[in-house]
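Please read this briefing alongside the sequence and the coordinates. It is arranged by topic.

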Amino acid sequence: MLHSLAGRAESPMQARLLAQLRDDGPMSRVQLADRLNVSRTTIAAEVTRLAELGLAQEVGPAASRGGRRSTLVDLAPDIRFVGISIGATGLSVGVTDGRLAVLATRHRDCDIRQGPEVVLAIALEEVHALLEELGVERPLGAGIGVPGPVDFHRGVSVSPPIMPGWDGYPVRDAVSRELGCPAVLDNDVNVLAIGEQHAGVARTARDFLYVKLGTGIGCGIVVDGELYRGVDGCAGDIGHIRVQDFGPTCACGNTGCLEAFAGGAALARDATAAARAGRSPVLAELLEAGGQLTAADIGVAVSRGDAQAVQLIRDSGHRIGQVLASLVSFFNPGLIVIGGRVTGLGHALLAEIRGVTYRRSLPLATGNLPIVLSELGDEGGVVGAARLISSSVYAPLGGDLT
């Protein structure tokens, strides 16, 4: 059985060294000294201590650069992190190594409205199955993302609109206690943004927005390479920006919110209305066959040439584009990544979002602005959650290198 009984970094220098190995792979002592701008003696001492803590090791001689060969340093091979990404209608869990390469994942459908005890029990059941499958006795840490506002420092959900029963629930502490390791909790969109930054299309972006289109709509904000959470942890809650004075009532209790027009639940609602009113024969057929419609059914109807389904996508993309155009004018990002289950609707939705965003933003702000779909899928949340906890474990106590 693999078991992580490692400690955690004891100093900022050790934390920097671990982060360097995580993000750039094995390096020689000479390279680490050059990269971190410290003496080779300092690197040797820190590597020795990290080896004692079970966090790093020497893995043989590095390639010769002339003269005596330096020693190659890498993360300990038995480091394992758990990533748990919980959405409104399903969850993904995974286990990674110390460099956040995903070793195995599992996905389960579940309803966030079942409450924290039920949903976390499902998530932890899947985690334990994965750990047993991989022969891991205890992970070094666990990261969790949930679809609502989070008090990052307390590790609890705060007044989440689509998560009845989760307000104030100690998610972080419950997971930490069950797995016997440190844990961190964040909003799911922040976790996805971190995952995209580590392993996705945003790897080289310093300033970008990650927009999740799911049952809800949210935005992760990365400024100069750092995630921005806001003073109270609710930065990027763009689903509750009002796009119309009147309209459907949103889960937050207001009317006219973007989410109430363009979120996954809103699309399913409008598709159902179109099917029952006889405006869409294909959606009516899908409704009769399945008993209910989802946003994914709209994509099926589009592929079968249904004009009403195409219009639903255009309307949704138009409203999302309106909000993004305002964000572009305000924030001037270098990249916008679109992710979440609703992106399964594909390039018809992306084309509408792009068109409206580009038309309504200043040319200077959009001249070099890619708007692209995430390619990570469910794995993005797992990687992001693992990155989140790795930044905490690799940092000295009380620190955070996210």
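The points below cover confidence, two sheets, the helices that pack on them, and the nonpolar cores.

This is a predicted model, with a mean pLDDT of 92 over the chain. One open sheet has 5 strands with mixed pairing, and another has 3 strands with antiparallel pairing. The largest nonpolar core counts 44 residues.

**Confidence**

- In the chain, 95% of the residues reach a pLDDT of 70 or more.
- Helix 4 (residues 116-134) has the highest confidence, with a mean of 98, while helix 13 (residues 363-366) has the lowest, with a mean of 85.
- Residues 1-5 have a pLDDT below 50, although this stretch makes 20 contacts in the model beyond near neighbours in sequence.
- Where pLDDT is low, the predicted coordinates should not be read in detail.

**Five-stranded sheet**

- The strand order in this open sheet is 13-12-11-14-15.
- Strand 13 (226-228) and strand 15 (371-373) are at the edges with a single partner strand each, so one side of each has no neighbour in the sheet.
- From one strand to the next, the twist averages 25°.
- Strand 11 (residues 208-213) and strand 14 (residues 335-339) run parallel and are joined by 5 bridges.
- Within this pair, leucine 209 has isoleucine 336 as its bridge partner, and tyrosine 210 is opposite valine 337.
- Strand 14 also runs parallel to strand 15, with 3 bridges between them; here isoleucine 338 is opposite leucine 373.
- In strand 14, 5 of its 5 residues are buried: Leu335, Val337 and Gly339 point one way, and Ile336 and Ile338 point the other way.

**Helices on the five-stranded sheet**

- Helix 11 (residues 307-331) packs on the sheet and touches strand 11, strand 12 (217-223) and strand 14. The direction of helix 11 makes about 160° with that of strand 11.
- Helix 12 (residues 347-360) also packs on the sheet, in contact with strand 11, strand 14 and strand 15. The direction of helix 12 makes about 165° with that of strand 15.

**Three-stranded sheet**

- This open sheet has the order 1-3-2, with strand 1 (27-28) and strand 2 (56-61) as edge strands that pair on one side only.
- Strand 2 and strand 3 run antiparallel and are joined by 4 bridges; alanine 56 is opposite leucine 75 of strand 3.
- Helix 1 lies across strand 1 and strand 3, at about 85° to strand 3.

**Nonpolar cores**

- In the 44-residue core, the residues with the most contacts inside it are Leu17, Ile79, Phe81 and Phe208.
- Elements giving two or more residues to this core include helix 1 (12-24), strand 3 (71-75), strand 11 and strand 14. Helix 2 (29-36), helix 3 (40-53), helix 6 (188-199) and helix 14 (379-393) are also among them.
- A second, separate core has 38 residues, including Ala301, Ile313, Val323 and Val328.
- In soluble globular proteins, nonpolar side chains tend to be buried together.

**Helix 6 and helix 14**

- The axes of helix 6 and helix 14 come within 7 Å and cross at roughly 90°, so helix 6 is roughly perpendicular to helix 14.
- On helix 6, the contact is made by Val191, Leu192, Ile194, Gly195, His198 and Ala199.
- On helix 14, the contact is made by Gly380, Gly381, Val383, Gly384, Ala385, Arg387 and Leu388.

Notes. Residues numbered from 1 in each chain as written. Predicted model: local features only at pLDDT ≥ 70, side-chain atom pairs only at ≥ 80, totals over all residues. Heavy atoms only, no water. pLDDT = per-residue confidence, 0-100. Contact = heavy atoms within 4.5 Å. Pairing = 2+ DSSP bridges. Axes fitted to C-alpha atoms, helices over the stretch in contact; angles between N-to-C directions. Core = buried A, V, L, I, M, F, W, Y, C linked by side-chain atoms within 4.5 Å. Buried < 20%, exposed > 50% of the residue type's maximum accessible area, 1.4 Å probe, protein only. Parallel < 35°, antiparallel > 145°, perpendicular 65-115°, else oblique.
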